[in-house]
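Reader: I'm new to looking at how two chains meet. Could we go through this one together, step by step?

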2 protein chains.
Amino acid sequence: MQKNPIPLTNPILGAGAKAGAVDVAAAGTRMAGNGMSLESQSEAFRRRSLCSIDQPGAVMSKLPQELEDSQHEFGSKLVVIMVGLPARGKSYLVKKLQRYLTWLQYDTKVFNVGNRRRIASKGDNKNGTSHSHVFFDPNNTSAKTIRDELALESLEELIRWLKQGGRVGIHDATNSSRERRKMLLNRLESEPNCRVLFIESICTDPVVLAHNISMKLSSPDYKGMDEAQARADFKKRLENYERAYQTLGEEDEEDGIQYCKLINVGKKVIAYNIQGYLAGQCIFYLMNFNLSPRCIWLTRHGESVDNIVGKIGGDAALSAKGRSYADCLSRFIKHQREENAKSQETETEASIAISHQREKTVAVWTSMLTRTKETVEQFDPKEYDIKHIRFLNEIYAGICEGLSYSQIEQLYPEEYEARRVNKLFYRYPGMGGESYLDVIQRLNPLIIEIERMTSDLLIVTHRVVLRILLGYLMDIDRSRMPDMDVHLHTLYCMEPKPHGTVVRKFRWVEEQDWFVEEAL
Amino acid sequence: MQKNPIPLTNPILGAGAKAGAVDVAAAGTRMAGNGMSLESQSEAFRRRSLCSIDQPGAVMSKLPQELEDSQHEFGSKLVVIMVGLPARGKSYLVKKLQRYLTWLQYDTKVFNVGNRRRIASKGDNKNGTSHSHVFFDPNNTSAKTIRDELALESLEELIRWLKQGGRVGIHDATNSSRERRKMLLNRLESEPNCRVLFIESICTDPVVLAHNISMKLSSPDYKGMDEAQARADFKKRLENYERAYQTLGEEDEEDGIQYCKLINVGKKVIAYNIQGYLAGQCIFYLMNFNLSPRCIWLTRHGESVDNIVGKIGGDAALSAKGRSYADCLSRFIKHQREENAKSQETETEASIAISHQREKTVAVWTSMLTRTKETVEQFDPKEYDIKHIRFLNEIYAGICEGLSYSQIEQLYPEEYEARRVNKLFYRYPGMGGESYLDVIQRLNPLIIEIERMTSDLLIVTHRVVLRILLGYLMDIDRSRMPDMDVHLHTLYCMEPKPHGTVVRKFRWVEEQDWFVEEAL
């Protein structure tokens with residue numbers, strides 16, 4: 001979740017981002033001084049930006065001078081409308097999609113109709129909402145009116161938020177009848193500046209479904225209720241939904257909408273009429289999901305000789321201490337693999353894991369720089385799938401390569417200050433120099449790959465790259481991400497679970513030559 | 001088509017690609033000297049490489065020493081089996097997919113069963129093949145046996161080619177019955193080192209279908225035949241196919257295969273069980289197609305002050321001459337748009353264009369460097385959708401930035417020679433230095449975007465980037481691409497058509513201050 005988003009105004013960018021080009025996310029309001037009215041200019045831009053390529057920080061739109069200051073007006077605006085029965089993993093998909101898009105720097109927000117219903121039913125409950133299955137009976141017309149109103153109110157809130165500068169608004173509800181979807185579409189027709197993408201989640205895997213239903217029983221709707229009673233009520237609620245459920249299909253296609261149906265989390269994907277750049281990115285991300293249980297290990301390289309003197313960049317070798325870390329890392333990962341294998345054998349719990357057997361291969365990824373490659377030198381390529389990936393290289397610091405931060409402060413005080421003020425947008429000066437946003441863009445294909453993989457994975461990389469990867473995996477606010485402490489000789493372990501990622505942190509203790517777990 | 005592929009052995013790579021890491025495409029045969037047999041080691045590697053991330057040049061696999069020299073053994077191997085009735089655009093898809101994958105440096109080859117049938121039926125025609133619709137009657141058992149044999153022979157040829165180092169083999173045939181597909185799958189089961197991806201093309205758009213059928217009548221099968229007669233025969237052939245046609249569906253899903261159904265060229269896409277990295281890339285590419293008529297204009301920036309003195313890299317401004325080019329470019333493109341609009345109005349020919357109206361917006365993309373941005377300064381952002389895209393920046397020459405080629409030869413004679421010998425693989429030394437392969441990887445998302453767009457597009461970029469983009473758009477052999485002449489002040493115009501790209505070339509004549517068309 002984006003708790004304290006940094007406003008995207010006045011990005012401080014180095015080489016290649018001078019006057020005349022503005023980030024589409026960073027545009028205000030001013031009167032047009034030419035023949036064309038400001039309104040029609042803005043309209044034309046909004047229409048264009050709905051479809052065209054948009055990578056915050058890496059693609060800059062040139063706006064007419066009159067519009068250059070108009071803030072939060074342009075760039076792709078997408079309304080995602082979820083469709084699907086309860087307990088089909090909609091909220092899981094929504095959370096992941098929000099996390100991904102936010103990481104790519106599109107402001108994304110979820111508008112959950114169920115939460116609105118629960119809030120509405122608090123207090124005197126004059127408006128007639130209820131948690132009971134009776135409220136979800138399609139023949140209960142007064143309840144249906146309330147449900148429709150709640151859905152529309154959420155949509156209004158979503159539209160207001162997009163107008164204030166949001167980029168992707170997600171309408172999280174069952175929206176399971178064609179009539180309901182038509183109602184939402186009709187409302188959006190008067191908002192020509194938003195594109196609509198329907199995403200339907202279908203789950204036919206009985207194991208996953210049973211698990212999802214169990215999770216639902218711990219929802220606030222059933223607080224304090226006996227489990228059997230809750231289960232019976234939820235079952236009836238489901239039946240009520242199923243009676244009115246209309247899957248996305250040919251009839252919806254006639255409306256010219258774009259939609260994506262996800263069947264069993266990435267197993268089968270049906271995409272119809274996908275048109276915008278952003279919609280295409282969403283679909284590619286969603287189609288690469290899987291629920292296999294696995295660990296993603298992340299660490300920086302062992303201490304390098306440049307680390308000792310505090311130089312940034314470069315391609316230094318490991319220090320003696322760094323080599324000890326590398327050595328211990330390979331033993332520790334081997335040990336962890338053995339532990340995992342044991343615990344898996346004894347695992348009896350009915351869980352998602354049952355339908356997804358853990359893969360035995362472990363992938364090891366490093367950058368193409370010496371210090372990360374040396375860090376995995378003890379890993380046997382017969383046992384590990386070791387890859388050196390250029391996209392994992394450290395941020396390229398341009399003219400600041402090989403300097404220490406205090407040297408940068410002395411030699412380029414203005415650059416030092418600009419970086420301090422907005423580290424996320426700051427691009428190192430000099431040809432090829434990168435910003436955090438540039439690194440996010442180049443890591444994007446690797447995030448898709450991490451989501452696609454089913455095997456365990458160890459990533460050995462560099463400070464900035466690690467911050468950005470953790471930013472995604474741990475859903476860290478972009479205001480905090482560039483300043484996260486990611487120390488040398490620290491190993492993170494992420495286990496993606498259906499309802500969030502379990503994160504553990506291990507520190508190498510040189511004296512013990514082993515890792516100890518630490519609080520986060 | 002890959003006419004003279006450069007062998008991928010001994011890639012000459014700069015920083016970050018030293019001993020111990022080899023491109024998976026560049027691996028020979030040697031006996032294993034350790035406990036594990038060479039066979040089982042190779043097996044383990046092949047299995048892994050079937051699924052994992054693989055970007056030729058940008059991802060290097062670390063192999064055990066024993067296997068380091070084994071050539072063309074590893075890396076993803078994919079068998080694409082096409083499915084679909086005749087005249088459904090299979091060959092169009094196959095050609096585009098081959099072009100794309102070859103450009104990404106995966107050796108890709110198409111094995112067309114129809115061509116094999118035509119070759120087989122030449123001469124004495126003892127084997128009983130024929131072009132007549134009778135040959136395609138599903139009840140004609142002797143013909144069916146021959147058709148099955150031809151399909152299997154093509155598959156055998158494909159498998160042999162993969163074993164010799166190919167990466168993606170495409171079996172281009174109708175493969176329209178489940179029985180036929182089962183037959184191919186059974187044969188592939190004894191090849192555990194290949195993944196199989198079925199791609200079905202379905203076309204329900206009557207305009208596209210009528211166009212495709214007309215194209216078929218000019219196929220060699222109907223050479224010298226009267227058109228009405230040919231049409232009648234082809235209609236009967238289609239009917240014969242339709243009788244036996246079984247679309248990919250739930251029954252195939254039970255076989256655990258991975259498949260992708262493309263309905264009306266990118267309009268609707270159904271993807272099932274997609275597992276490998278390479279398969280995912282193929283699907284993402286295929287789902288972003290469209291048949292809208294449009295122009296893609298490409299040029300280098302106008303002459304820069306560094307061009308005058310022959311310096312590479314850097315971020316120089318335009319020279320006076322370069323500014324004149326920029327000025328003329330904006331007038332010429334405006335003129336061309338007006339001409340296109342006129343010709344469209346008078347267009348009467350029944351063509352694909354009918355069902356895809358031309359968009360009016362023109363997108364203009366530049367890199368983030370001064371010389372490309374200055375080249376589009378005369379384009380009015382009210383009329384053009386102008387974007388500055390970092391991924392279009394020139395190849396970063398590392399320590400050679402700002403030098404002339406003769407200075408590089410003097411200062412770094414070994415680098416100069418290494419680059420001369422293998423320009424495609426050569427990576428400039430120094431942190432951040434790039435190779436052609438690196439640039440291909442970073443341009444990949446833009447290629448997808450070019451395919452996805454429906455509007456006209458002008459790309460203003462740099463020499464190396466332009467060569468690589470033309471390499472894709474014009475399907476230029478990788479042995480020629482790095483040495484292509486792409487002069488300053490030259491404008492290319494590409495019109496993607498259902499059966500290939502129409503390319504035109506214009507040269508700016510300074511004296512006339514206008515563009516003249518030139519032979520390619």
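Author: Happily! This is a predicted model. Between chain B and chain A, about 6,200 Å² of area is buried, and carbon and sulfur atoms give 56% of that.

Reader: What makes that number a way to describe an interface?

Author: The size of an interface is often given as the accessible area lost when the parts come together. In residues, 72 of chain B are in contact with 72 of chain A.

Reader: Why is the pair A:Glu253 and B:Lys268 called a salt bridge?

Author: The closest N and O atoms of A:Glu253 and B:Lys268 are 2.8 Å apart. The cut-off is 4 Å, between a side-chain nitrogen of Lys or Arg and a carboxyl oxygen of Asp or Glu, so this pair qualifies. Between chain B and chain A the count is six salt bridges. There are also 27 residue pairs in polar contact, with both residues at pLDDT 80 or more.

Reader: Which element of chain B gives the most to the side that touches chain A?

Author: Strand 10 of chain B does, with six residues. Elements that give two or more residues include helix 1 (38-51), helix 9 (277-286) and helix 15 (436-452) of chain B. By class, this side of chain B has 32 nonpolar, 19 polar and 21 charged residues.

Reader: How do you know that strand 10 of chain A pairs with strand 1 of chain B?

Author: Pairing needs at least two bridges, and three join these strands, so they count as paired. The two strands run antiparallel. Within strand 1 of chain B, B:Met60 stands opposite A:His388.

Terms used. Residues numbered from 1 in each chain as written. Chains lettered and ligands numbered in written order. Predicted model: local features only at pLDDT ≥ 70, side-chain atom pairs only at ≥ 80, totals over all residues. Heavy atoms only, no water. Contact = heavy atoms within 4.5 Å. Buried area = accessible area lost by both parts, 1.4 Å probe. Polar contact = N/O pair within 3.5 Å; in protein donor to acceptor, adjacent residues only side chain to side chain. Helix = DSSP H or I, 4+ residues; strand = E, 2+ residues; numbered from the N terminus. Nonpolar A, V, L, I, M, F, W, Y, C, P; charged D, E, K, R; others polar.
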